[in-house]
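Hello,

Here is the structure I promised to pass on to you. Please open it alongside this email, and my notes follow below.

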Amino acid sequence: MHVLWGLLMVAAGVFMFVCGLSKSEFIIYRLMAARSRILWGDSVHRFYMVVGVIVALFGSLVALGYV
């Protein structure tokens, strides 16, 4: 079961990284970015790139059974 949740976390992290990198207009990312823009301002896309990498790394650790 850890493998499934780990891979889902990796997918979510990659989604956040790619959307932040491309400044996507996908509706889910636009909603997340609009909420985060209140705190992060113009650097909201950079924030999602960094958070995406962190979530993907943590998800890979969960999938491998280290966490």
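In which segment does Y66 lie? Y66 is found in the segment after helix 3, the helix that covers 44–64. Please keep in mind as you look that this is a predicted model.

Y66 is exposed, because its relative accessible area is 66% and the cut-off for exposed is over 50%. Y66 also belongs to a nonpolar patch on the surface, together with F58, L61, L64 and V67. The accessible area of these residues together is about 550 Å².

Now to the aromatic rings. The count of aromatic pairs comes to 4. One of them joins W40 and F47: the ring centres are 4.6 Å apart and the planes stand at 20°, so this pair is stacked. Planes under 30 degrees apart count as stacked.

F47 also pairs with Y48, and that pair is edge-to-face, with 5.1 Å centre to centre and 70° between the planes. Along with Y29, the residues W40, F47 and Y48 make up one aromatic cluster.

How buried or exposed are these rings' residues? W40 has a relative accessible area of 40%, so W40 is partly exposed. F47 is partly exposed as well, with a value of 23%. Y48 has a relative accessible area of 7% and is therefore buried, as buried means under 20%.

If you would like to start somewhere, try displaying the side chains of the aromatic cluster, Y29, W40, F47 and Y48, and then turn to the surface patch that includes F58 and Y66.

Best wishes

Conventions. Residues are numbered from 1 along each chain as its sequence is written. This is a predicted model: local features need pLDDT of at least 70, side-chain atom pairs count only at pLDDT 80 or more; totals for chains, interfaces and linings use all residues. Side-chain values use heavy atoms; hydrogens and water are left out. Patches are made of residues with over 30% relative accessible area and no salt bridge: like charges are joined within 9 Å, nonpolar side chains (Val, Leu, Ile, Met, Phe, Trp, Tyr) within 5 Å. Accessible areas come from the Shrake-Rupley method with a 1.4 Å probe; for residues, only the protein chains shown count as cover. A salt bridge is a side-chain nitrogen of Lys or Arg within 4 Å of a carboxyl oxygen of Asp or Glu. Helices (H or I, at least four residues) and strands (E, at least two) are DSSP runs, numbered from the N terminus. Buried means under 20% relative accessible area, exposed over 50%, partly exposed in between (1.4 Å probe, protein chains only). Rings of Phe, Tyr and Trp (its six-membered ring) pair if their centres lie within 6.5 Å; planes under 30 degrees apart count as stacked, over 60 as edge-to-face and the rest as tilted.
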